[in-house]
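Visitor: I should like to go through the terms used for this model. Please set each value against its definition.

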Amino acid sequence: MNSTKEQLKDKLQQALIAAFGTDYVGVDPILVPASNPKFGDYQANVALTLAKRLGQQPRAIAQQIVDKLDISDLCKPPEVAGPGFINLKLQTEYLEAQLNAIQADPRLGVTKAKTSKREIVDFSSPNIAKEMHVGHLRSTIIGDCIARILEFQGHDVLRLNHVGDWGTQFGMLIAYLREVYPEALTTANALDIGDLVAFYRQAKVRFDADAAFQEAARQEVVRLQAGAEDTLHAWKLLVEQSRREFQVIYDLLDVHLVERGESFYNPLLPQVVEDLDKAGLLVEDQGAKVVFLEGFTNKEGEPLPLIVQKSDGGYNYATTDLAAIRYRIEQDHAKRIIYVTDAGQSNHFAGVLQVARRAGWIGDDVELIHVPFGLVLGEDGKKFKTRSGDTVRLRDLLDEAIARARTDLETRLEAEGREETEEFKARVAQVVGIDAVKYADLSQNRTSDYVFSYDRMLSLKGNTAPYMLYAYVRTQGISREGNIDYEQLGADAKILLREDTELTLAKHLLQLDEVIADVEQDLMPHRLCEYLYQLSDKFNKFYENCPVLKSEEPVRTSRLVLCNLTARTLKLGLSLLGLQVLERM
């Protein structure tokens, strides 16, 4: 089913051609939601942009378009207003028919993408031998949401976890453990992740201060790259230990990924260097092999290099990313590759993508997108840290959110005099806590920094997960109170829109497809959050102004259907954000 907006755009484009000829095929009618509901539901502003081209006043142009505009099946007669706006108000009968049509559709009228594409979402990407911290929160949550929406739209999505599992840090860690805890290099689970992190820090201190240890660490890297059996076995144990700890967090967040670390691309790196050389892009600079970037300069105005091979023969992140691009295009057959990393890596990706394009590795049919995001800040407006100044562990952050949700729940239960089972309280606390953290992140424009506040994200008021969950719980409460199974209302149960709050809710329900289509393209999850917040708000106003169970038929059934459509829309929308719902709270 085409969205209302798409139908109106098609009709406006037909009217433009009918009024001004075939030169106006494909002209954008500039259709936007009306700024003020009293003027209508949509507003076409194309007449203002055509004044110079046509040599006419915008109002006269708008009137000629309206004279050729046939939208009687969707809207009331259009009106020309102001300097040349075309105001469109949807027919109540049209809204009722659209809502009745989506009742039986599990996708609620959201059409799949016209063409299914192979898409890769590269997100989360923690480093082995380190714990996931608050800095991994945004990549993991935003990446998962984008992957969910693309999957829902029918794309073939590969969710890749590009973990840092190779390089100097492993030589350093293995060399140190050989001295202080050799058992960890031969026995599985000899260390937990906290001990591993502590040893890594100690190894780093030693590496920075001890030239002999530096050399020992480098030799371990050489042995690792050469596939020495004992070093490789030690490396695998360290990777597996970290992987298990990461999985605990991914399970808690309900996030699914395919791990493909930096080590995966290691055999491909020499070919990257060779092929860049053959392409005439590679230059030797101070012993290193580099590609000088176009449009990137230092303070002196000299071109900046992208180092592909270091002077000691080693490789770096850029080399691995170049190898990954080639593999993903040639072997995975990706048509869109999406990198979800912090904004601080924007220049890195701009450089890498430029080199890959200049080398001819990215075809015209392949799109590579860096999806940057801002920082997580503490309530003091500075980078979010513990009181001691350490980076906040992601596991601690999530556990704290669940604990606070549990405290809030128990306070509320006591105030209401309610008794609930331990199982109920544990389940509600976990869903509310995790949902609150995810939603607080996703509801921000991802390019901005945001302040992390447990109190704000767990609030029952405002644009928060608990507010949304309560709206859903309210729909289920109506079902329980009336002993009604929404699924048994029947596809032939008719919706009748009489009150203003019913009409407002109905119009909003029918905008879901537009919102999801926008997020699929611009990869901005906060647009879906804002839609769901507005939906919850409009439903609560409907609930307050329109009795449901106490109404007479056929209004009672109509309002029950509206409640069910709201519940299904909330549940679907929240699931695309990676959030779960609760029947009771």
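Guide: The strands come before the helix pair here. The model is predicted, so local features need pLDDT of at least 70, side-chain atom pairs count only at pLDDT 80 or more, and totals for chains, interfaces and linings use all residues. Residues are numbered from 1 along each chain as its sequence is written, and side-chain values use heavy atoms, with hydrogens and water left out.

Visitor: How do you know that β8 and β9 pair?
Guide: Pairing requires at least two DSSP bridges between two strands. β8 and β9 (residues 288-297) have three, in the antiparallel sense, and valine 283 stands opposite valine 290 in β9.

Visitor: Why do β8 and β10 stand at the edges?
Guide: The open sheet has the order β8-β9-β10. β8 (283-285) and β10 (303-309) each have a single partner strand, so one side of each lacks a neighbour in the sheet.

Visitor: Why are α14 and α15 called oblique to each other?
Guide: Angles under 35 degrees count as roughly parallel, over 145 as roughly antiparallel, 65 to 115 as roughly perpendicular and the rest as oblique. Helices α14 (residues 394-416) and α15 (residues 422-442) pack at about 125 degrees, with axes 7 Å apart; α14 and α15 are therefore oblique.

Visitor: What makes up the contact of α14 with α15, by residue class?
Guide: Contact means heavy atoms within 4.5 Å. Among the residues making it are Leu397 and Leu398 of α14 and Val428 and Ala429 of α15. The contact residues divide into 13 nonpolar, two polar and four charged; Ala, Val, Leu, Ile, Met, Phe, Trp, Tyr, Cys and Pro count as nonpolar, Asp, Glu, Lys and Arg as charged, and the others, Gly among them, as polar.

Methods. Helix = DSSP H or I, 4+ residues; strand = E, 2+ residues; numbered from the N terminus. Axes fitted to C-alpha atoms, helices over the stretch in contact; angles between N-to-C directions.
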